[in-house]
Amino acid sequence: MDSSKAGPVKELPVGLDEDTEEEYASQSKLLQEFTSISTIDKAWVFKSESIAGLGSQAMFSISQPNLLANKKRKYMLSSSISKGSNNKVSFQWSPFPVEMTGVSTTVPSPSGSKLLVIRNSENESSTQLEIWSSSQLEKQFQIPQSTHGLVYADGWFEGISWNSDESLIAYVAEEPSPCKPSYDCRGYKKGATKDKECTSWKGQGDWEEEWGECYAGKRQPALFVINIDSGKVHAVKGVEKSLSVGQVVWAPSVEGIDQYLVFVGWSANPRKLGIKYCYNRPCALYAVKVPLYKSEAAESDLKSLEELTVVNLTQSISSAFFPRFSLDGNFLVFLSAKASVDSGAHLATDSLHRIDWPTDGKLSSSTKIIDVIPVVNSAGDGQFPGLYCSSFLSKPWLSDGCTMVLSSCWHSCQVILSVNVLSGEVLRISPADSGSSWNVLTLDEDNAIAVCSSPVDVPQIKYGCLMGKANNRTGWHWLNVSSPIFKCSEKVMSLLSNHQFGILQIPVEDVSDCLTKGAAKSFEAIFVSSKVNDAPDPLIVVLHGGPHDISLSSFSKSLAFLSSIGFSLLIVNYRGSRGFGEEALQSLPGKVGSQDVNDVLTAIDHVVEKGLVNPSKITAVGISHGGFLTTHLIGQAPEKFVAAAALNPVCNLSSMVGITDIPDWCYVTAYGTNGKTIFTEAPTAEHLTHFYSKSPISHISKVKAPTLFLLGAQDLRVPVSNGLQYARALEERGVETKVILFPNEIHAIKMPQFDFESFLNIGVWFKKHCK
């Protein structure tokens with residue numbers, strides 16, 4: 001044969017053969033259809049005038065993955081809300097959304113007449129603040145780096161608040177860059193500088209500690225106030241340098257009395273440990289006075305804010321955040337993670353508290369803190385299991401002024417609650433017979449706009465109407481709202497309609513080791529399966545991280561994709577998950593690698609015994625502590641699993657403890673609450689031995705399952721060396737291993753391209769090994 005006439009040899013990507021490439025091609029098309037489904041991030045409602053009279057206008061902030069740019073595309077969509085008789089409601093959507101290119105965050109003013117738009121620069125140029133009216137851009141301010149850095153829009157330190165007359169905005173931004181030592185051709189140059197010069201260069205100066213994962217390169221968060229009439233920006237003075245501030249709100253204004261700003265402060269003493277996902281960092285509510293005056297021209301401006309007294313409002317409690325003032329300004333409500341701070345668990349059961357706000361403006365650090373919802377240790381069947389709240393609405397109040405509406409975990413579901421902060425009454429106002437999850441987006445007077453979804457149902461907007469009291473209980477009626485936001489292909493809808501889900505109660509296998517009543521109670525698993533297949537599909541066991549996180553019965557694009565390519569899903573909320581009471585949650589620290597592993601194996605045996613799955617085709621996937629569990633399972637039960645996938649897994653606590661941003665987590669996880677007491681930056685040989693015994697790597701000699709690793713190279717929480725060491729050890733032992741390393745990714749693996757490639761590879765990997 002004449003080789004000169006042969007066509008060019010097709011070059012395949014590294015690690016792929018022709019069959020695998022075909023699988024990649026077919027699965028990637030379907031995954032793209034799931035990936036393109038949008039998500040609502042925030043929503044607001046404003047009063048509006050129309051021909052029919054006074055109505056409401058809703059505005060939704062929406063995001064959608066932009067795979068080509070590897071970032072989220074953000075846009076706004078508006079709708080007019082019309083309420084008719086017989087509790088009917090109609091949404092008239094604007095014909096097209098508006099893309100918010102370059103926008104970091106938006107915050108409407110209290111009246112809804114103005115909109116603050118913040119644009120953080122991606123380089124070291126100025127931050128742009130814009131004030132919009134209903135028809136046009138009214139004002140624009142360029143804030144130079146010499147005043148402050150980027151405005152925090154992270155959802156945690158983030159705090160942006162208009163005052164009542166909408167002339168001032170308080171916000172949290174990075175403090176200005178510190179001066180650095182300068183050098184030129186003659187050596188050290190006297191006089192530190194912030195400016196760049198072509199004849200010299202800046203040194204690094206002293207290292208400053210950061211708040212770990214997600215905050216690399218971020219400077220200390222500080223308080224600022226801008227007067228939108230003059231454009232002047234003032235740094236709020238008097239806050240200790242050791243405090244990182246966030247979540248600022250204006251206190252109610254009182255004629256003739258200077259206003260206060262209330263904010264959350266996190267201390268850097270003894271040092272900053274990772275704060276992302278870690279509610280066990282002590283914090284308090286502080287108030288600082290901001291004096292105002294009226295000039296002869298009646299223009300509001302700021303006096304000097306030099307060295308004002310800062311009052312700690314919550315000295316008697318170890319955690320206080322998400323401050324919200326009541327409508328009448330008579331009290332301040334806040335959430336607390338004191339159970340987390342006091343125990344050392346990174347997440348635990350929340351509590352809700354109230355402070356009565358003094359009308360005379362005289363604040364005291366000995367202010368009485370009133371418990372509204374205490375920590376629930378163990379609830380009876382069907383009873384409120386405790387508060388598990390990841391955010392508050394900016395305006396959470398019903399018109400009675402004392403009832404707030406919020407979302408919380410209730411076992412494996414997210415539900416909507418109403419809380420009377422005077423009586424402490426807690427009511428579940430989303431349907432109790434729904435296995436779906438509900439999340440409140442915003443309130444429309446005494447009505448609510450929410451999103452409802454399930455593992456087999458894309459999100460749907462719901463409109464809840466407060467119906468008044470019946471049998472001494474407040475009733476809510478929920479209406480379906482037709483919306484273009486969650487539009488998806490017919491193929492996706494068809495695939496989802498062929499699936500079903502249920503929430504399984506899994507009895508604890510051995511209650512003799514349970515030290516509390518709550519620890520002996522059943523845990524839950526969400527089971528997703530096909531309606532149409534006679535024979536059981538291969539199974540993916542899905543394991544959440546934390547360990548005190550939770551997998552909710554809400555829609556997940558990634559998991560819906562995996563179920564749509566022919567897998568059943570067993571999503572296990574092992575004991576230690578949030579949503580089941582404090583006793584169940586606190587039963588896990590000190591028992592990781594045993595109690596949680598046994599719970600997962602018990603859940604698997606439960607569905608096998610019921611004939612729901614094929615026991616010869618079981619796989620497992622998890623991220624972080626879920627990866628810890630995945631790698632433990634394939635070592636402790638090697639005959640049970642045909643394949644595994646681990647995303648940024650904790651594989652070796654003894655090596656992780658010295659390089660993670662949360663070394664205290666290693667101690668509490670391995671030793672229990674006592675780990676908080678014995679935590680040290682210099683682990684002893686005994687500590688390291690104990691960490692190793694708790695780690696998946698101690699079982700690596702028994703592993704047989706082919707394992708896929710998906711790792712973020714910039715992960716500060718579980719540094720990449722942890723997963724790489726385990727993967728190399730598997731390869732050394734002849735176990736089939738595949739590693740994908742994302743160079744610019746951190747712990748969560750959420751950048752669109754990397755998330756897409758991760759779940760595409762998980763799907764292909766599991767398909768390959770379940771044939």
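# A tour starting from Glu524

Begin by selecting Glu524, which touches His411, Ser412, Ile503, Leu504, Gln505, Ile506, Ile571, Val572, Asn573 and Phe580 when residues up to four places away in sequence are left aside. This is a predicted model, and the tour should be read with that in mind. Colour strand S35, residues 523-530, and you will find Glu524 within it. Is Glu524 buried or exposed? With a relative accessibility of 5%, Glu524 counts as buried, because the cut-off for a buried residue is under 20% relative accessible area. To get a sense of scale, draw a distance from the C-alpha atom of Glu524 to that of Ser453: the two residues are 71 residues apart along the chain, and the separation is 18 Å.

**The whole chain**

Now zoom out and show the chain as a cartoon, in which 13 helices and 41 strands can be followed. The C-alpha trace spans about 90 × 85 × 70 Å along its principal axes. For 771 residues a compact globule would have a radius of gyration near 28 Å, and the 27 Å of this chain agrees with that. If you colour by burial, 55% of the 771 residues will fall in the buried class. Among contacts with a separation of 6 or more, 62% are made by residues 24 or more positions apart.

Switch to a surface next: the chain exposes about 33600 Å², of which carbon and sulfur atoms supply 50%. Selecting the charged side chains gives 67 positive and 79 negative ones, and the centres of these two sets lie 1 Å apart.

**Helix H1**

Select residues 18-35, which form helix H1. Its 18 residues should span 26 Å at 1.5 Å a residue, and the end C-alpha atoms, 25 Å apart, agree with this. Which residues of H1 are buried? They are Thr20, Tyr24, Gln27, Ser28, Leu30, Leu31, Phe34 and Thr35. An α-helix has 3.6 residues a turn, so residues three or four places apart point the same way. With that in mind, show the side chains of Thr20, Tyr24, Gln27 and Leu31, which are among the buried residues of H1.

**Unusual backbone geometry**

Most residues other than glycine have a negative phi, and most peptide bonds are trans. The next four stops depart from one or the other of these habits.

- Select Asn269 and Pro270, which are joined by a cis peptide bond with omega near 5°; Pro270 sits in the loop between strand S18 (259-267) and strand S19 (283-290).
- Move to Gly546 and Pro547, where the peptide bond is again cis, with omega about 15°; look for Pro547 in the loop between strand S36 (539-543) and helix H4 (557-564).
- Select Phe322, which is not a glycine and yet has a positive phi of about 55°; this residue belongs to strand S23, residues 321-325, and is buried, with a relative accessible area of 6%.
- Go on to Glu445, another residue other than glycine with a positive phi, near 55°; Glu445 is placed in the loop between strand S30 (437-444) and strand S31 (447-454).

**Helices H9 and H7**

Select residues 663-671 for helix H9, which is mostly covered, eight of its nine residues being buried. Those buried residues are Pro663, Asp664, Trp665, Cys666, Tyr667, Val668, Thr669 and Ala670. What covers them includes helix H2 (338-343), helix H7 (625-636), helix H8 (653-656), helix H10 (674-678) and helix H11 (685-693), so these can be added to the display one by one. Just after H9, pause at Gly672, which takes a positive phi of about 85°.

Keep H7 on screen, since H7 is one of the elements covering H9. The twelve residues of H7 reach 16 Å from first to last C-alpha, close to the 16 Å expected at 1.5 Å a residue. H7 is itself mostly covered, with eleven of its twelve residues buried, and the buried set includes His625, Phe628, Leu629, His632 and Leu633.

**Last stop: Trp765**

From Leu629 in H7, draw a distance to Trp765: the two C-alpha atoms are separated by 19 Å, with the two positions 136 residues apart along the chain. Trp765 is found in helix H13, residues 752-769, and is buried, with a relative accessible area of 6%. Which residues does Trp765 touch, not counting those up to four places away in sequence? Select Ala643, Ala644, Pro706, Thr707, Leu708, Glu736, Thr737 and Lys738 to see them around the side chain's residue, Trp765.

Terms used: Residues are numbered from 1 along each chain as its sequence is written. This is a predicted model: local features need pLDDT of at least 70, side-chain atom pairs count only at pLDDT 80 or more; totals for chains, interfaces and linings use all residues. Side-chain values use heavy atoms; hydrogens and water are left out. Helices (H or I, at least four residues) and strands (E, at least two) are DSSP runs, numbered from the N terminus. The radius of gyration is taken over C-alpha atoms; the globule rule is 2.2 Å times the number of residues to the power 0.38. Buried means under 20% relative accessible area, exposed over 50%, partly exposed in between (1.4 Å probe, protein chains only). Contact means heavy atoms within 4.5 Å. Accessible areas come from the Shrake-Rupley method with a 1.4 Å probe; for residues, only the protein chains shown count as cover. Lys and Arg count as positive and Asp and Glu as negative; His and the chain ends are not counted. The place of a charge is taken as NZ of Lys, CZ of Arg, CG of Asp or CD of Glu. The expected span of a helix is 1.5 Å times one less than its number of residues.
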